[in-house]
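Here is a short briefing for a reader who is new to this structure. Please look over the sequence and the model before reading the points.

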Amino acid sequence: MNFKTLNTEFTRFVFVGVLNTLSYYSIYLLLHNVFSWPYLLAHVIGFVISLNISFFLNCYVTYRIRPTLKKYLYFPLTQVVNISVSTALIFIFVEFLQFNSNIAPFAAVLFTIPITFVVSGKILKDTAHPK
């Protein structure tokens, strides 16, 4: 893969990430503010829903590959680190740094973008082209 291809994929990944973050954040705010769910529960439920949205957007838009059941089953592995790091950061931001619980998820996502790009590309492309 050359730099131009990597740059184009990363640009599409960021675009997809913005769309996915907006879907996650909308779900989070709805559950946390409208339904008064605790912020960590709202975060996890929003994350799981947006994970499914992310899978299809990353297949079709970012990497331009056909979604398959195998890729769908592997895709959550891309998010293990993401949810672990983002959940820990949200907790730290809210409980120790006194961030507003509506802002903490947005701040956490800034740390997880590069990690998620590398891991999702590795898993989706490796399952797309088995050795």
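The points below cover confidence, the largest pocket and one residue, E9.

This is a predicted model, in which local features need pLDDT of at least 70, side-chain atom pairs count only at pLDDT 80 or more, and totals for chains, interfaces and linings use all residues. Residues are numbered from 1 along each chain as its sequence is written, and side-chain values use heavy atoms, with hydrogens and water left out.

**Confidence**
- The protein has an average pLDDT (the predictor's confidence in each residue, from 0 to 100) of 88, and 92% of the residues score at least 70.
- Helices here are DSSP runs of H or I with at least four residues, numbered from the N terminus.
- Confidence is highest in helix α2 (residues 39-62), with a mean of 94, and lowest in helix α5 (residues 104-128), with 82.

**Largest pocket**
- A pocket is an open set of points on a 1 Å grid over the protein atoms alone, where a 1.4 Å probe fits, with protein on both sides within 12 Å along at least five of seven lines.
- The volume of the largest pocket, meaning the space filled by probe spheres set on the points, is about 510 Å³.
- Its lining (residues with an atom within 4 Å of a point) has 28 residues, and G17, N20, T21, N82 and V109 are the closest to the centre.
- Helix α5 gives the largest share of this lining, 9 residues.

**Residue E9**
- E9 lies in helix α1 and is buried (under 20% relative accessible area, 1.4 Å probe, protein chains only), because its relative accessibility is 8%.
- The side chains of E9 and K125 make a polar contact at 2.7 Å, that is, a pair of N or O atoms within 3.5 Å, one able to donate a hydrogen and the other to accept it.

Methods
Helices (H or I, at least four residues) and strands (E, at least two) are DSSP runs, numbered from the N terminus. Buried means under 20% relative accessible area, exposed over 50%, partly exposed in between (1.4 Å probe, protein chains only).
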